[in-house]
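The paragraphs that follow walk through a predicted model, beginning with how residues are classed and ending at the ligand. Please keep the sequence and the structure in view while reading.

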Amino acid sequence: MITAAKLLEHAHQAAAFAHCPYSHFAVGAATLWEDGSITTGTNVENAASPLAVCAERNAIATAVGLGHRRLCMVAVWADVPDVVTPCGGCRQVMLEFAPPDLAELKVVMGGRGETRIRTLAELLPESFRTY
Ligand code: THU
């Protein structure tokens with residue numbers, strides 16, 4: 001099984017491909033799925049600014065389009081002094097593909113500071129569910 005450090009490396013590498021000419025804030029994400037597959041993503045901005053898509057959501061959407069449904073781990077990286085943390089919208093999208101016990105989904109956050117690992121249960125308490 002891939003380590004948190006390795007998945008974060010994938011996220012770091014992905015950040016190099018970010019399309020962020022408006023914010024100049026490059027983010028990379030990597031996602032690990034139940035069968036061991038990894039997908040990566042970057043933020044993709046647009047001249048029409050609300051159309052920007054976060055790195056985490058792109059990594060997740062790529063995997064979902066390949067048939068994956070159950071997330072095991074997410075890593076996100078940006079060149080910030082501490083670590084980058086996923087936005088609220090991305091936390092909600094992670095929830096959609098999370099295991100029933102949100103404490104099992106690890107979110108690895110990186111930057112120039114010390115890597116931080118939290119679970120989705122910690123990052124999205126009392127989350128919305130329709131069941
Ligand atoms: N961004 C992400 O890629 N992930 C997040 O969790 C938060 C924000 C991107 C969106 C935008 O391209 C840039 O960071 C600045 O907000």
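In the counts below, Ala, Val, Leu, Ile, Met, Phe, Trp, Tyr, Cys and Pro are taken as nonpolar, Asp, Glu, Lys and Arg as charged, and the others, with Gly among them, as polar. Sorted in this way, the lining of the largest pocket in this predicted model consists of ten nonpolar, three polar and two charged residues. The largest pocket holds about 180 Å³ of space, and of the 15 residues that line it, F25, V27, N43, C54 and E56 are the closest to its centre.

The largest pocket is also the space that the ligand takes. Around the ligand stand S23, F25, V27, N43 and E45, together with C54, A55, E56, P86 and C87, and by class this shell comprises six nonpolar, two polar and two charged residues.

Which parts of the protein, side chain or backbone, approach the oxygen atoms of the ligand in these contacts? From E45, a polar side-chain atom lies 2.5 Å from an oxygen atom of the ligand. A55 contributes a polar backbone atom, 2.9 Å from an oxygen atom of the ligand, and a polar backbone atom of C87 is likewise placed 2.9 Å from a ligand oxygen atom. As for the extent of cover, the ligand on its own has 370 Å² of accessible area, of which the protein covers 77%.

Methods
Residues numbered from 1 in each chain as written. Predicted model: local features only at pLDDT ≥ 70, side-chain atom pairs only at ≥ 80, totals over all residues. Heavy atoms only, no water. Near = heavy atom within 4 Å. Polar contact = N/O pair within 3.5 Å; in protein donor to acceptor, adjacent residues only side chain to side chain. Areas by Shrake-Rupley, 256 points an atom, 1.4 Å probe, with all protein chains shown as cover. 1 Å grid on protein atoms, 1.4 Å probe; cavity = no way out; pocket = protein on both sides within 12 Å on 5 of 7 lines; lining within 4 Å. Sits in = over half its atoms within 2 Å of the grid points. Points joined across faces, edges and corners; volume = space filled by probe spheres on them.
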